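Let's walk through this one by question and answer. Have a look at the sequence and the fold first, then we'll get going.

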Amino acid sequence: MQAPKTNWAEVEARYYMRTFSRLPVVFERGEGCYVYDDAGKAYLDMVGGIAVNILGHAHPVLVEAITKQAQKIIHTSSLYYSEPQCELAEWLITRSPADRIFFANSGAEANEGAIKLARKYGRTQRNGAYEVITLDHSFHGRTLATLAATGQPKYHEPFLPMPDGFKSVPFNDFEAMRKAVSAKTAAIMLECIQGESGIHILDREYLHAVRKLCDDNNILLMCDEIQCGLGRTGTFYGFQQFGIEPDVITLAKGLAGGLPIGAFLAKEHCAVLTPGDHGSTMGGNPVCCAAGVAAMTYLEEQNLMGNAARMGQALKDELSNLKETLPGITEVRGLGLMVAFDTADPIAPDIVKKGLDKGIVLNATGPNTVRLVPPLIVSHGEVEKAVGLIADTFKAVS
Ligand SMILES: *Cc1c(COP(=O)(O)O)cnc(C)c1O
């Protein structure tokens, strides 16, 4: 006889802060691009833990790296040198336009550190400038400073007043950006492809104009690559798609293939932090960094960036074909494996729920937008299957 299953929803209702509206499913294990619930039902995973599981689930390379490191040493703190951390630092810096790195535990922490760097840069190199300009509908994290940087007032409202020194301007509007820049501006922080707000891509000309504006005014350009970086768009960094180079880069999500990690990278001229300025007890933990080295090495050796470009295009093309037959889909957009489609009616959350019945994991970024950020190992057969399941799901809810 089997033991009765824990009713997780009931446990949550009794003990948890009410911060998430979770879907009624328990994923117990995964393999490749599939996850399985506690009844053994399979689901094609087109979310990948929100752009985190870049090698899919239970990848042997990742499992082995984590196991080996856990058997050696799990945690030491940042007081000492760590072999996997040094290895990951070297791997990342030798493949980026930046010169120096700091390791944290999450995306919000990576951005928080970048904001501190911008403030010290402004204080020491730009007459006390401290303001960070961001874009409307951006997403930079949930700590107070990164929330203030996030250009979505609905997230600010319960926590007002926001920390001072942040301002957001309309997306792709260079005049608005130019007007917003002042003697107080230390940095501009942006996502070249906004993820959390539903996959919105900045114009190439806009990004080049912003880069020049920063150069002309000694302002730092900081690219939040937490979602669009790490090969997802077809190049290692999202900004490479547009031919610009930022001064500061932030990473997290997929960097360790599913373990918690974050990092910010800066060019030498703005790597202004000195001993005592910043720190983290667990940032760049040995197990997370060993996973990071394994994930990054595999990504490069297997050319998962090339796969992301090809599969992303295939996904976008197949969804565009579907749009021709289903007028309820109003737009398909994306770059590499950051893809979204809009619906005429506010049914995106229903599509996500019904998708689970049909055996596909999808994500809604709003009432009218479904987002797909699958593992970078996704195959052509899986892309075709996903679009078939989306078609079935769409028909079932509309
Ligand atoms: C997810 C995300 C963050 C926040 O990362 P956390 O690890 O959840 O703190 C910041 N910026 C972007 C672009 C993201 O997609």
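Helices here are DSSP runs of H or I with at least four residues, strands are E runs of at least two, and both are numbered from the N terminus. Keep in mind that this is a predicted model.

Q: Where is the place of Ala58?
A: Ala58 catches the eye with a positive phi of about 50°, though it isn't a glycine. Most residues other than glycine have a negative phi. As for its place, Ala58 sits in the loop between helix H2 (48–51) and helix H3 (60–72).

Q: Asn127 is not a glycine either, so what is its phi, positive or negative, and about how many degrees?
A: Asn127 belongs to the loop between H5 and strand E5 (131–135). Its phi is positive, at about 55°.

Q: Which residue does a cis peptide bond join to Leu160?
A: Most peptide bonds are trans. Here omega is about 0°, and the bond is cis. The partner lies in the loop between helix H7 (153–156) and strand E6 (166–169). Leu160 is joined to Pro161.

Q: Which strands stand at the edges of the open sheet that contains E2 and E3, and why is one side of each left without a neighbour?
A: That sheet has four strands in the order E1-E2-E3-E15, with mixed pairing. An edge strand has a single partner strand, so one side is left without a neighbour in the sheet. The two in question are strand E1 (27–31) and strand E15 (360–361).

Q: Which residue of E3 stands opposite Tyr36?
A: Strand E2 (residues 34–37) and strand E3 (residues 42–45) run antiparallel and pair over three bridges. Opposite Tyr36, in E3, stands Ala42.

Q: What does the twist average from one strand to the next in the sheet E13-E14-E17-E16?
A: This is an open sheet of four strands with antiparallel pairing. Strand E13 (329–335) and strand E16 (363–366) are its edges, each pairing on one side only. From one strand to the next, the twist averages 25°.

Q: What angle does the direction of helix H11 make with that of E13?
A: E13 pairs with strand E14 (residues 338–343) in the antiparallel sense over six bridges, and Gly334 has Val339 in E14 as its bridge partner. Helix H11 (residues 304–325) packs on this sheet, touching E13, E14 and strand E17 (369–372). Its direction and that of E13 make an angle of about 170°.

Q: How many residues lie between E16 and E17 in their hairpin?
A: E16 and E17 run antiparallel, joined by three bridges. Ala364 stands opposite Val370 in E17. Between the two strands of the hairpin there are two residues.

Q: Which helix gives the largest share of the shell around the ligand?
A: The residues surrounding the ligand include Ser106, Gly107, Ala108, Asn111, Asp224 and Lys253. By class, the shell has three nonpolar, five polar and four charged residues. The largest share, three residues, comes from helix H5 (residues 107–125).

Q: What percentage of the area the ligand exposes when taken alone does the protein bury?
A: A ligand oxygen is 2.6 Å from an N or O atom in the side chain of Lys253, and a ligand nitrogen is 2.7 Å from one in the side chain of Asp224. A polar backbone atom of Ala108 is 2.7 Å from an oxygen of the ligand. Taken alone, the ligand exposes 380 Å², and the share that the protein buries is 81%.

Conventions: Residues are numbered from 1 along each chain as its sequence is written. This is a predicted model: local features need pLDDT of at least 70, side-chain atom pairs count only at pLDDT 80 or more; totals for chains, interfaces and linings use all residues. Side-chain values use heavy atoms; hydrogens and water are left out. Two strands pair if DSSP finds at least two bridges between them. Axes are lines fitted to C-alpha atoms, for helices over the stretch in contact, and angles run from 0 to 180 degrees between N-to-C directions. Contact means heavy atoms within 4.5 Å. A residue is near a molecule or strand if one of its heavy atoms lies within 4 Å of it. A polar contact is a pair of N or O atoms within 3.5 Å; within protein, one must be able to donate a hydrogen and the other to accept it, and residues adjacent in sequence count only if both atoms are side-chain atoms. Accessible areas come from the Shrake-Rupley method with a 1.4 Å probe; for residues, only the protein chains shown count as cover. Ala, Val, Leu, Ile, Met, Phe, Trp, Tyr, Cys and Pro count as nonpolar, Asp, Glu, Lys and Arg as charged, and the others, Gly among them, as polar.
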